[in-house]
Amino acid sequence: MGATMFKKVLIANRGEIAVRVMRACREMGLRTAAVYSEVDRTSLHVRYADEAYAIGPAPSTESYLRIDRILEAAKRCGAEAIHPGYGFLAENPEFARACEAAGIVFIGPPASAMELLGSKTASRQAVRQAGLPVVPGTDRNLQSLEEIRQLAEAIGYPVMLKASAGGGGKGLRLVHGREELEPAWRTARSEAQNAFNDPSVYLEKYIDRPRHVEIQILGDRHGNLIHLGERECSLQRRHQKVMEECPSPVMDEDLRRRMGETAVRIGQLAGYWNAGTVEFLLDPNRNFYFLEMNTRLQVEHPVTEVVVGIDLVKEQLRIAGGEALRWRQEDVSLRGAAIECRIYAEDPSNNFFPSPGLITRLQVPAGPGIRRDSGVYEGWRVPLEYDPLLSKLVVWGTDRHEAVARMRRALGEYEILGIRTNIPFFRRVLEHPDFLAGRLDTGFIDRVLSAGMMSEEPPSEEEERVAMLAAALHAWRNGKVPASAPTPESAWKSAGREALLNRWPQRS
Ligand code: MV4
């Protein structure tokens, strides 16, 4: 038994996470099968895989979300297991059941656990009834405005309205007082209806300036369940994480043990196995509250991997193959510090507007302590149909201070031309005194942005060319060009070359 029981794994995803999963498979000697939509024919995950299958047109509803086509590809190529990555079908219990019915192993938790944890109200109720901390509020969907008003009064303002089907900040409303309740209720319900086809909302007490701290758990099919410490995920923009770290700057051994034990108990009560993440809000007094559980491998899993020294994807494969966990809780320890920046094809000087297009030049950071999980290559066109995540830049350092310096160095080496990226935004964050002091909360990014830090337009390519010529001319006139330069003509050339060279790496 074990992952060696598989010979071939189909990866039902695209981009960097598909490549990440295939890398683990390759190291374990497993063959990999990719699936791809029409616009992904030349994507990196297709090139990386041992074999690849077309599953439909660009819209994900006609390709990466088509259970029938993915299972058909798996059967055709003889894959014994499917890894769903994150997003798309990763948290869809119907997909997990369909895999099972087709005799294919779903590399993830049991469908029953996905069902319980997929409902925010049902999971809140289960966690509260187990005597574990949840944010004060209701566990039921609220039908009438009258009912909601009474409950809000009992909880005490300010309160938050949340979509029961939830996620991504859709249907999320902060209500400061009685008079705001009715309009907030209406917009929350209609947003929830549009986003999830389910208008149900529930109430929570509002926690001011919380941190978002999550615990990684890992469980096998024999009832063993451990935690692998926390990730600090407070740096979000519009409910999208942009930067994560491990450990959290606020954590100490005692709090980690208490949050870790709580996460493990939540996993146990859901009958969980495989990799999962329990999300908590942490208030300024270091009280923590269960928020929700994600039943998948997360985007930010690498920061845990480099600090704990466990390959989560390989563990997922082994667990799915029936192997017992190879670590006990006391074997797990955190070493050093890791930071991840999510590199997106979006323009920070234009309200982070998506910036798809051709990558004309790609120069990647390397050297000590750098890990880059990427789904792109030079000469590839970033499609506009999907999430514009290009790569995740992850650094490790002996402590947070070294990790921060290393990330600045790595971002300075990173050059992506042809499209806009959010790299300039990270440079600003990494020099902010609150970030350097570890004073993070969920309002940090908005404060950085409202301070006007990203309003300056980056120069156009034409402006860059003019500036470079001017610099070369200046250097030449001031005699900074080597005196050995025999003629003005070659001095021009070498000064221009010097100016070009000086652009890399960027010094922050
Ligand atoms: C909250 C909250 C304050 N109090 N719940 C949950 C989903 C996430 N996307 C936003 N969530 C929040 N839930 C209560 N009861 C504040 C937030 C929140 C937040 C949480 C984590 C990271 C960034 C955030 C940004 C705004 C609001």
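Reader: In the hairpin of β12 and β13, which residue takes a positive phi?

Author: This is a predicted model. Strand β12 (residues 274-282) runs antiparallel to β13, and six bridges join the two. The hairpin has five residues between the strands, and the one with a positive phi, near 65°, is R286.

Reader: Which residue of β13 stands opposite T277?

Author: β12 covers residues 274-282 and is joined to β13 by six bridges. Strand β13 covers residues 288-294. Opposite T277 in β13 stands N294.

Reader: Is strand β13 largely enclosed or left open by the rest of the structure?

Author: A residue counts as buried when its relative accessible area is under 20%. Seven of the seven residues of β13 are buried, so the strand is largely enclosed.

Reader: How many residues of helix α11 are buried?

Author: Helix α11 spans residues 312-320. Its buried residues include the charged-letter positions K314, E315 and R318 as well as L312, V313 and L317. The helix is largely enclosed by the rest of the structure because the buried residues number nine of the nine.

Reader: At the start of α11, which backbone nitrogen does a side-chain oxygen of D311 reach?

Author: V313 is itself one of the buried residues of α11. The side-chain oxygen of D311 comes to within 3.1 Å of a backbone nitrogen at the start of the helix, that of V313.

Reader: What is the phi of G322, the glycine that follows α11?

Author: Helix α11 covers residues 312-320. G322 comes after the helix, and its phi is positive, near 95°.

Reader: In what order do the three strands of the open sheet lie?

Author: β7 (173-175) and β8 (201-205) each have a single partner strand, so they stand at the edges and one side of each is left without a neighbour in the sheet. The twist from one strand to the next averages 30°. The pairing is antiparallel, and the order is β7-β6-β8.

Reader: Which residue of β8 is the bridge partner of L161?

Author: Strand β6 (residues 159-163) pairs with β8 in the antiparallel sense, over five bridges. Within β8, the bridge partner of L161 is L203.

Reader: At what angle to β7 does helix α8 run?

Author: Two helices can be placed against these strands. Helix α7 (residues 145-155) lies across β6 and β8, at about 15° to β8. Helix α8 (residues 178-196) lies across β6, β7 and β8, and its angle to β7 is about 170°.

Reader: Which residue has a polar backbone atom 2.7 Å from a nitrogen atom of the ligand?

Author: The ligand is surrounded by 14 residues, and the closest are K162, E204, K205, I207 and T442. K162 places a polar side-chain atom 2.9 Å from a ligand nitrogen. I207 has a backbone N or O atom 2.9 Å from a nitrogen atom of the ligand. The backbone contact at 2.7 Å belongs to K205.

Reader: Which helix supplies the largest share of the largest nonpolar core?

Author: That core has 39 residues, of which L235, M243, I343, I416 and F435 touch the most other members. Elements that each supply at least two residues include β11 (240-246), β14 (337-344) and α12 (400-413). The largest share, five residues, comes from α12.

Reader: How many residues are in the other core, the one with A34 and L228?

Author: This core lies apart from the largest one, and A275 and A320 are also among its members. A320 is a buried residue of α11. The number of residues in this other core is 32.

Reader: What is omega for the cis peptide bond that joins C246 and P247?

Author: P247 lies in the loop between β11 and α9 (253-269). A cis peptide bond also runs from Y157 to P158, with omega near -5°, and P158 is in the loop between α7 and β6. For C246 and P247, omega is about -5°.

Reader: Where does R209 lie?

Author: R209 is a residue other than glycine with a positive phi, near 45°. Its relative accessible area is 46%, which means that R209 is partly exposed. Its place is the loop between β8 and β9 (211-219).

Definitions and conventions
Residues are numbered from 1 along each chain as its sequence is written. This is a predicted model: local features need pLDDT of at least 70, side-chain atom pairs count only at pLDDT 80 or more; totals for chains, interfaces and linings use all residues. Side-chain values use heavy atoms; hydrogens and water are left out. Two strands pair if DSSP finds at least two bridges between them. Helices (H or I, at least four residues) and strands (E, at least two) are DSSP runs, numbered from the N terminus. Axes are lines fitted to C-alpha atoms, for helices over the stretch in contact, and angles run from 0 to 180 degrees between N-to-C directions. Contact means heavy atoms within 4.5 Å. A nonpolar core is a set of buried Ala, Val, Leu, Ile, Met, Phe, Trp, Tyr and Cys residues joined through side-chain atoms within 4.5 Å. Buried means under 20% relative accessible area, exposed over 50%, partly exposed in between (1.4 Å probe, protein chains only). A residue is near a molecule or strand if one of its heavy atoms lies within 4 Å of it. A polar contact is a pair of N or O atoms within 3.5 Å; within protein, one must be able to donate a hydrogen and the other to accept it, and residues adjacent in sequence count only if both atoms are side-chain atoms.
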